Amino acid sequence: MKSSLLHILLFFAVTVSSLAQNSNTKVKPTLTYSGDPTIYVLGGVSIDGINDEQEVNRLVSMAGLIVGQEITFPKADNEITRAVNKLWEQRLFSDVTITADSIVGNNIFLHIQLAAHPQLTEVKYNGIKKAEREDLEEKLKLKPGNQISVDVIDRVKYIIRTFFEDKGFKNVDIEVLQRDDPKEANHVLLDINIDKNEKVKVHRIYFTGADPKLQNSLKKAMKKTREVGKLRNFFSSKKFIEEKYTADKVAVVNKYNSWGYRDAYIVADSVVPFDEKHVDVYLTIDQGGKYFVRNINWVGNTVYSTEALNKSLQLKHGDIYNQELLKKRLGTDMSMADEDAIANEYYNHGYVFNRIIPVETNVVGDSVDLEIRIREGKQATLNKVNIIGNDHVYEHVVRRELRTKPGDLFNRDALMRSLRDLASMGHFDAEHLTPDLKQDEANGTVDITYKLVSKSTDQMEFSMGYGAMGVTGRIAVKFNNFAIQNLFKKSSARNFFLPQGEGQSVEIAAQTNGRYYQQYSVSFMDPWFGKKRPNQLSVSLFYSKQTDVNSNYYNSAYYNNYYNRLNGYGTSSNYYNYADYYDPDKYVQILGGSVGWGKRLRWPDDYFNFSAMLTFQRYNLKQWQYFIMTDGNCNNLNLTLSLNRNSSDQPFFPRKGSDLAMSVSATPPFSLWDGKDYASLANNRESATYLQEMKEKYRWIEYHKWKFRLKTYTALTKADKCPVLMTRTEFGLLGYYRKHKPSPFETFYMGGDGMSGYSYNYATETIGLRGYDNGALTPQGMEGYAYSRLSMELRYPLLLGNTSIYALGFLEGGNCWTTCSKFNPFDLKRSAGAGLRLFLPMIGMLGIDWAYGFDKIFGSSRYSGS
């Protein structure tokens with residue numbers, strides 16, 4: 001009777017369970033027992049919902065159960081208890097229950113019930129911006145269908161906290177709420193509530209044990225941990241970020257090492273809250289003594305002599321033991337190595353596997369003996385040069401820009417130049433050009449993989465404006481990846497809309513306001529004409545027509561407006577309504593074209609380019625009162641020779657290098673051989689032949705035009721996102737062959753934004769000078785034959801990538817003169833201001849500037865100011 005009762009109790013009541021353990025509590029299972037201890041033999045195990053024998057065996061093994069083993073029940077720590085714990089510790093289930101299905105003789109058959117963690121239906125983020133949400137989604141990777149467990153919730157909180165701490169939000173509050181999905185069983189909805197609170201910034205940094213004279217320099221060395229309220233930290237982040245603070249502590253010790261304090265170390269440090277938004281940083285330092293270099297011995301060098309290495313090292317007997325300079329000059333730490341470091345010199349001659357190890361062989365008092373051990377290794381050749389990520393241009397277009405060819409000796413300068421040339425192409429994101437080097441010392445080879453991120457380079461412009469001549473519209477398309485040789489080939493993936501892949505440029509533009517102004521142009525440029533050498537071919541055609549108002553405008557609207565203003569009635573509404581006075585018989589037409597050829601030079605270096613362009617323009621004038629002659633035809637045939645050198649590291653936001661341009665444009669000197677007396681030609685306006693003489697005098701225009709421009713770029717820190725100083729110097733001179741025949745064309749129109757459009761100054765070159773009205777520096781009714789401009793811009797990147805933005809502040813000065821003899825590069829009109837530049841892949845460069853002109857123009861402040 002007792003045995004039968006025990007069997008019934010075991011079958012119906014004996015249950016070992018986690019008792020509805022909640023996966024969010026991490027509470028160990030609570031076990032319930034009844035009856036006297038009895039020894040059973042495990043006869044078998046079944047699992048709810050699983051018919052696959054292999055999967056059942058895997059889970060039974062995971063529980064530590066073996067068919068045939070003995071089980072004592074009830075018992076405080078028996079095999080069933082341990083099985084529950086083992087399954088629970090896998091953290092794969094939200095509930096674990098083991099019951100006895102049946103007892104047959106001395107055999108017990110167990111049944112395991114497992115409840116999977118709930119699956120995610122949807123997650124919502126509250127309290128953060130859209131961009132922050134998108135970044136977190138990328139990091140967390142929470143997708144519908146993911147299982148949600150305690151570990152997942154903990155991981156979510158950790159990643160979110162780390163994400164915002166890196167942005168300076170040290171006091172971020174995170175709450176993850178889990179709700180059952182009413183529409184689907186065993187599914188949950190997650191609400192992630194985030195309160196960033198205020199950013200924590202550094203109030204003050206205090207040093208103990210440091211020489212007071214050195215403390216400002218130590219604070220400067222902490223580049224990522226900066227005090228608020230200091231002018232020198234204007235462009236630096238003042239947020240307190242633990243990871244960057246740790247790196248800055250290393251920077252403090254490195255700074256001491258650069259001053260010769262070889263034994264300096266940080267004894268203790270602490271970060272103390274100053275208020276809710278700020279912390280104070282305390283550093284206790286043991287400086288130790290200052291050390292000096294006594295002897296330097298080189299071992300293992302065969303490529304370079306000891307004398308050459310000593311000269312390159314820039315350390316000698318008696319110098320302060322500057323460990324920072326030692327690393328820079330040796331190149332043992334590539335993150336801080338100079339471009340001409342000794343390791344880089346070895347690199348540039350193929351010694352990729354070189355190792356340079358400085359060893360302190362003796363320290364006596366304040367003197368250090370150094371032995372610099374060099375293992376030069378053998379010269380490495382390039383084995384494979386791979387390109388990945390290019391889906392924009394044909395591969396040979398990329399490879400022709402590379403200075404690294406299979407079989408060549410490895411050369412670091414060639415690698416860096418290749419990256420610069422790839423960035424200059426404009427087809428790839430310059431901020432994500434990353435070479436991957438794989439060294440094979442056994443075979444003496446290096447594989448290079450260029451990882452490219454393609455970007456769109458085609459541009460489309462559509463703009464409209466409203467002015468005195470009515471609505472003016474402009475539309476232009478520019479294809480920067482054209483392939484003219486594929487124009488008539490069968491369509492392919494690259495020819496779906498337009499033949500692409502060769503990196504050629506085609507631009508078509510039109511601008512008009514209907515009747516008063518029309519301008520059309522088309523141009524083509526191939527940077528590798530013939531495909532064998534970087535010889536550039538360019539061709540362009542252009543046409544424009546401008547018309548004038550008829551005499552009724554001056555007889556009615558102009559004088560009525562003058563009368564109204566004179567009598568205090570204001571401006572007449574008809575004064576600006578030019579459209580009512582259109583006169584098709586008063587116009588100037590310009591038709592022309594050009595052919596250019598350019599070549600990359602090898603001397604003085606291969607940054608230089610030489611180009612020649614032949615241009616012809618024909619001006620057709622009819623009753624055009626704004627020019628020195630009103631009727632007739634003028635012809636401008638000129639040859640422009642240019643010498644350029646561009647070593648800037650990328651097109652949009654260069655951080656280093658320079659851009660030099662020198663050019664001379666000249667027409668044939670017709671007046672030197674045509675036998676005409678220009679001193680007496682067209683000098684008398686009252687003469688009946690004056691108009692005919694003017695046509696004859698300017699039938700063929702002649703001049704020589706000289707221009708110079710130099711831009712330099714200097715990064716003020718070594719960070720990628722750093723302020724950059726841009727300086728610009730330029731001037732231009734327009735000369736003549738005979739003083740009685742100066743050219744009225746190609747003169748300089750200076751002042752304002754530097755943009756061209758509808759203007760009566762159709763035959764001039766527009767030179768911008770911010771802070772002054774358009775053309776304000778060119779005397780009214782006269783021509784500018786010389787100009788000078790100096791600029792200095794401080795730029796800071798706000799966003800770099802496919803879409804890029806930078807802000808700038810500038811100082812500028814310039815002037816324009818009516819004769820070359822008056823040219824004075826130090827007589828400048830000054831201005832200052834700020835601006836913004838934005839690059840959009842489909843649009844190109846956009847910008848806005850505000851400027852203030854400080855100087856009067858021709859004695860008046862009307863054309864300057866804000």
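Which residues of the largest nonpolar core touch the most other members? We will start there, and then look at a second core, a helix and a sheet. Please keep in mind that this is a predicted model.

## The largest nonpolar core

The largest nonpolar core has 28 residues, and those touching the most other members are Y619, L621, C634, F745, M750 and L777. Several elements contribute to this core: β23 (582–600), β24 (608–622), α14 and β29 (747–750) each supply at least two of its residues.

C634 is a good place to take a closer look. Setting aside its neighbours within four places in sequence, C634 is in contact with Q617, R618, Y619, L621, M629, Y698, R699, I701 and F745. Among these partners, Y619, L621 and F745 are also named with C634 as core residues that touch the most other members.

## A second core

Apart from this core lies another one, made of 24 residues. Its members include V45, W88, F93 and L110.

## Helix α14 and its buried face

Helix α14, one of the elements that supply at least two residues to the largest core, spans residues 690–697. Which of its residues are buried? They are Y690, M694 and K697. Viewed down the axis of α14, these buried residues fall within an arc of 65°, so they line one face of the helix.

## A three-stranded open sheet

Elsewhere in the chain, three strands form an open sheet with mixed pairing, in the order β15-β17-β16. β15 (381–388) and β16 (434–440) are the edge strands, each pairing on one side only. On average, and ignoring direction, neighbouring strands of the sheet are turned by 15° against each other.

How do the strands meet, and what lies across them? β16 pairs with β17 (residues 445–451) in the antiparallel sense over seven bridges. Within this pair, L437 stands opposite I448 of β17. Helix α12 (residues 412–425) lies across β16 and β17, and runs at about 15° to β17.

## The chain as a whole

Stepping back, the chain has 14 helices and 34 strands. Of its 866 residues, 42% are buried. Among contacts with a separation of 6 or more, 62% are between residues 24 or more positions apart.

The surface can be described too: the chain exposes about 45,500 Å², and carbon and sulfur atoms supply 53% of that area.

Key:
Residues numbered from 1 in each chain as written. Predicted model: local features only at pLDDT ≥ 70, side-chain atom pairs only at ≥ 80, totals over all residues. Heavy atoms only, no water. Buried < 20%, exposed > 50% of the residue type's maximum accessible area, 1.4 Å probe, protein only. Helix = DSSP H or I, 4+ residues; strand = E, 2+ residues; numbered from the N terminus. Arc of directions from axis to C-beta. Pairing = 2+ DSSP bridges. Axes fitted to C-alpha atoms, helices over the stretch in contact; angles between N-to-C directions. Contact = heavy atoms within 4.5 Å. Core = buried A, V, L, I, M, F, W, Y, C linked by side-chain atoms within 4.5 Å. Areas by Shrake-Rupley, 256 points an atom, 1.4 Å probe, with all protein chains shown as cover.
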